[in-house]
Amino acid sequence: MKAIILEDLGNITYREVKPTDVYMPTDEEDIEHGTEMYSLSLDRDPEENEIVVEAVLGSICTHEVSLYKGDLTHPRYPMVPGHEAVHRVLKVGKNVKHLKPGDYCACCWYMGQWSRRLVGPAEFAYKLPDNIGDPANWVIEPAASIVNAVSYMDLKPADRVLLIGAGFMGLLMIQLIKGYPFSEFVVCDIKQSSRELAKKCGAEVVIHPDNVVGEFNKVIDCTGSQSGLDLAVKSCGKAGDIYLFGWHRTDRTIDFKTQHLKGNRLIHTSPAIDDGREYSRYWPKTIKLFEKGVFDLSILISHKYDAEDIKQAFVDSVKREEGFVKSVIYFEKH
């Protein structure tokens with residue numbers, strides 16, 4: 001049984017799984033993320049209410065890049081990473097009725113998913129259509145994060161909206177909210193290629209951040225950067241809302257004086273905002289949106305690799321050069 005293994009900082013391989021590689025959440029992860037919905041790379045039959053799946057495709061998130069670089073330091077190594085994936089069901093345990101062997105599924109399990117064989121709770125695994133075509137177009141987790149985030153945004157007709165950062169997550173955000181009846185919908189990004197994609201995804205006005213002028217009553221920061229945060233504060237008008245979606249992985253400074261005087265509301269819209277951490281409830285809704293064509297990953301996946309090329313996949317995912325949007329790893333030939 002093979003899996004992608006994060007051996008240590010900056011060292012990732014695709015090899016046979018050893019008992020010491022089996023992912024178990026640390027105490028810190030349990031506290032910070034709530035990891036009761038995790039999977040295990042084990043070669044055993046499913047117990048009651050469990051399923052056994054095999055990874056068909058994995059999608060590289062900034063979270064895994066941060067583990068690789070050491071920006072997140074609490075996991076132990078070696079470990080099987082990965083929380084964005086498409087799986088095929090191999091076996092189902094007693095009481096599992098909504099899935100059967102051969103079904104494609106998306107699993108709301110925390111980490112450890114880049115393995116050719118996984119055991120996990122069936123309750124948080126959701127059936128995908130029978131004929132999905134390219135599995136790269138059915139990575140549900142990041143889009144579910146967007147659906148979760150927008151559910152906590154107070155977007156209203158005739159709002160003037162600025163979205164900062166047209167990376168992969170920002171582009172998904174555009175695809176979801178482009179149909180709102182805004183008076184103006186402006187997207188900014190430093191990359192020319194990202195601005196072009198933002199236009200394809202439905203943004204009305206796409207500009208470089210240096211060209212943002214005026215004030216907006218709703219600002220969505222998808223960058224997770226200091227410059228993005230600064231622009232959000234600067235561009236948000238009186239009594240406006242700043243929605244922080246990008247993950248800031250280090251300390252930031254913020255102009256609270258200006259925020260105070262303008263009466264801005266600063267709202268985090270990560271999955272952790274969800275009541276009772278019931279983030280999984282957004283997955284069936286998100287799958288419906290994929291089926292309706294609201295989310296279209298086919299224009300967003302810029303880099304594709306076989307599992308054997310995982311080292312290069314991470315080199316490119318760290319560099320994120322012009323034209324890079326999102327990388328995926330195929331565990332089966334495509």
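In what order do the six strands of the open sheet lie, and is their pairing parallel or antiparallel? In this predicted model, the six strands follow the order 10-9-8-11-12-13, and the pairing is parallel. The edges of the sheet are formed by strand 10, residues 205-207, and strand 13, residues 265-268, each of which pairs on one side only. On average, neighbouring strands of the sheet are turned by 20° against each other, with direction ignored.

At one edge of the sheet, strand 10 pairs with strand 9, which spans residues 184-188. Three bridges connect strand 9 and strand 10 in the parallel sense. Val187 has Val206 in strand 10 as its bridge partner.

Two helices were found to lie across strands of this sheet. Helix 5, residues 192-201, lies across strand 9 and strand 10, and its direction makes an angle of about 175° with strand 10. Helix 6, residues 226-235, lies across strand 8 (160-164), strand 9, strand 11 (216-221) and strand 12 (236-244). The angle between helix 6 and strand 12 is about 150°. Strand 9 is thus contacted by helix 5 and also by helix 6.

Helix 5 also packs with helix 4. Two packed helices are described by the angle between their axes and the distance between the axes. For helix 4, residues 168-177, and helix 5, the axes come within 9 Å and cross at roughly 20°. Because angles under 35 degrees count as roughly parallel, helix 4 is roughly parallel to helix 5. The crossing of the two helices is right-handed. On the side of helix 4, the contact involves Leu171, Ile174 and Gln175; these residues meet Ser194, Leu197, Ala198 and Cys201 of helix 5. By class, the residues of this contact comprise five nonpolar and two polar, with no charged residue.

A further pairing occurs at the start of the numbering, between strand 1, residues 2-8, and strand 2, residues 11-16. Strand 1 and strand 2 run antiparallel and are joined by six bridges. Ile4 is bridged to Tyr14 in strand 2. The hairpin formed by strand 1 and strand 2 has two residues between the strands, and Gly10 in this hairpin adopts a positive phi near 75°. Strand 1 is mostly covered, with five of its seven residues buried.

Note on methods. Residues are numbered from 1 along each chain as its sequence is written. This is a predicted model: local features need pLDDT of at least 70, side-chain atom pairs count only at pLDDT 80 or more; totals for chains, interfaces and linings use all residues. Side-chain values use heavy atoms; hydrogens and water are left out. Two strands pair if DSSP finds at least two bridges between them. Helices (H or I, at least four residues) and strands (E, at least two) are DSSP runs, numbered from the N terminus. Axes are lines fitted to C-alpha atoms, for helices over the stretch in contact, and angles run from 0 to 180 degrees between N-to-C directions. Contact means heavy atoms within 4.5 Å. Angles under 35 degrees count as roughly parallel, over 145 as roughly antiparallel, 65 to 115 as roughly perpendicular and the rest as oblique. A crossing is left-handed if the near helix is turned anticlockwise from the far one by less than a right angle, and right-handed if clockwise. Ala, Val, Leu, Ile, Met, Phe, Trp, Tyr, Cys and Pro count as nonpolar, Asp, Glu, Lys and Arg as charged, and the others, Gly among them, as polar. Buried means under 20% relative accessible area, exposed over 50%, partly exposed in between (1.4 Å probe, protein chains only).
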